[in-house]
Every structure is written in C-alpha cells, then in structure tokens.
Amino acid sequence: MIYFTGDTHFSDPRVLRIDRRPFSDMAAHDAALISDWNDIVGEDDDIWHHGDFMSVRAGPCADLLAKLNGRKHLIMGNNDPEETTGSYGWASVQHYAELREAGHHLILSHYAFRTWNQMGKGSINLHGHSHERLKPIPRQFRHQTLRPHALALDRNLVQANQLCETRN
C-alpha cells in the first residue's frame, strides 16, 4: 500500500493551537500519532510525508523514524531542518515528487501550487503547509480535507486507492 500524510509536527507545541488538535500536551499527541500511524501503515508500505515532520525538541529524527512503520519518503517542508532531512531512516528526501498511482498522476509538494504539471489532464496536487486555510481548487487536496478516508487523530493519513476512488 501507499499512504500520504504531512504536517505531523511531532513535538512542536504550536500545532496544538494552530490545528486545534485535541491533546493537553505534546507527549499525548505524539504517542497517539505514532500509535495510529502504526495501526494503519505496515512495515512493507510506502508513506509519503509532505513536510513539517517534527520539531528538534523530539530528539534525534532517526529515533522517531525507527518507531514508525513503513518506507518513509519526505517531501521537505519549511519546518524541516537538516537534522530531519539528513537523518537516517528516510527512503528518500526531496522538495517535490510525481507519482503514478491507481491510474492517477499525483504531484506531491509541501506547498500548494497555483498550477502544476499535467493540471489540465487530471493530475492531482497533494500538499501540506496550509493547515486548511486555503480556498480549495479542483484537483488540489490538503491531507486534512480528505476526512472520509483519514486517520482519527488529525485526519491526515490517506491511502492512495481511497484518494483516487474519492476523486473519480
């Protein structure tokens, strides 16, 4: 399976306020996110993270990555320092990626695009960063807008085939 997520902001207390996540502290937030991630993502699954993975307060990134199932790919975000991007445990790290999945052309980025490759031919831009503060446009989706097929914690972990079925 292939999954998409982003803006997990492990150990970054600002996210409790920005996204109004229902946790009293970051320890509870991080424990729940790790548990939910591992309940859904298997060891042999691929998961694309669309940036803003963690705060340096979480400790070594490699330690956190070792707790999470799957082959983890990072699309770099504005809050991903070298300690995160250069860490052992990522299968790949890049600013941008294009994938073909379930017959769809997916454009992966941290930031929302105004236009993107193959936009007029049905490609889909999956992004993070905006924390649901942008007006949606056709075929552009922030992880949290995909609520019907998402994770209970902050509803931002999406399986590729569910995404594509929803958008047909």
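Before I turn to the first strand, let me fix one term: a residue is called buried when its relative accessible area is under 20%. With that cut-off, both faces of strand E1, residues 2-5, are covered, since Ile2 and Phe4 on one side and Tyr3 and Thr5 on the other are all buried. I should say straight away that what we have on the screen is a predicted model, and everything that follows should be heard with that in mind.

E1 is joined to strand E2 by four bridges, and the two run parallel; within that pairing, Phe4 stands opposite Trp48 in E2.

Stepping back to the whole chain, the secondary structure comes to five helices and nine strands, and read from the N terminus the order of elements is β-α-α-β-α-β-α-β-β-β-β-β-β-α. Of the 168 residues, 51% count as buried, while the chain exposes about 8,200 Å², of which carbon and sulfur atoms supply 51%. As for how the contacts are distributed along the sequence, among those with a separation of 6 or more, 54% are between residues 24 or more positions apart.

Next, the interior. In soluble globular proteins, nonpolar side chains tend to be buried together. Here the largest nonpolar core has 15 residues, and the members that touch the most others are Phe10, Phe53, Leu64 and Leu68. Helix H2, residues 26-40, and helix H3, residues 61-67, each supply at least two residues of that core. Apart from it there is another core, this one of 10 residues, including Ile2, Leu106, Ile124 and Leu126. Going back to Phe53, and not counting residues up to four places away in sequence, its contacts include Phe10, Trp37, Leu64, Leu68 and Trp90, but also polar residues such as Thr8, Asp80 and Thr84.

A little further along the chain is Ser55, which sits in the loop between E2 and H3. Is Ser55 buried or exposed? Ser55 is buried, because its relative accessible area is 11%, and, leaving aside its neighbours within four places in sequence, Ser55 is in contact with Phe10, Ser11 and Asp12.

Helix H2 deserves a moment of its own. H2 has 15 residues and reaches 21 Å from its first C-alpha to its last, close to the 21 Å expected at 1.5 Å a residue. At its N-terminal end, H2 is capped by Asp25, with a side-chain oxygen 3.2 Å from the backbone nitrogen of Ala27. The buried residues of the helix are Met26, His29, Asp30, Leu33, Ile34, Asp36 and Trp37, and what covers them includes E1, helix H1, E2, H3 and strand E3.

Finally, strand E6, residues 104-109. Why can we describe E6 as largely enclosed by the rest of the structure? Because six of the six residues of this strand are buried; His104, Leu106 and Leu108 point one way, and His105, Ile107 and Ser109 the other. Strand E5, residues 96-101, pairs with E6 in the antiparallel sense over six bridges, and Glu98 has Ile107 as its bridge partner in E6. E5 and E6 form a hairpin with two residues between them, and in that turn Ala102 has a positive phi of about 50 degrees. With strand E7, residues 124-127, E6 runs parallel and is joined by three bridges, Leu106 being partnered there by Ile124, and both of those residues are among the members of the 10-residue core.

Terms used. Residues numbered from 1 in each chain as written. Predicted model: local features only at pLDDT ≥ 70, side-chain atom pairs only at ≥ 80, totals over all residues. Heavy atoms only, no water. Core = buried A, V, L, I, M, F, W, Y, C linked by side-chain atoms within 4.5 Å. Buried < 20%, exposed > 50% of the residue type's maximum accessible area, 1.4 Å probe, protein only. Contact = heavy atoms within 4.5 Å. Pairing = 2+ DSSP bridges. Expected span 1.5 Å × (residues − 1). Polar contact = N/O pair within 3.5 Å; in protein donor to acceptor, adjacent residues only side chain to side chain. Areas by Shrake-Rupley, 256 points an atom, 1.4 Å probe, with all protein chains shown as cover.
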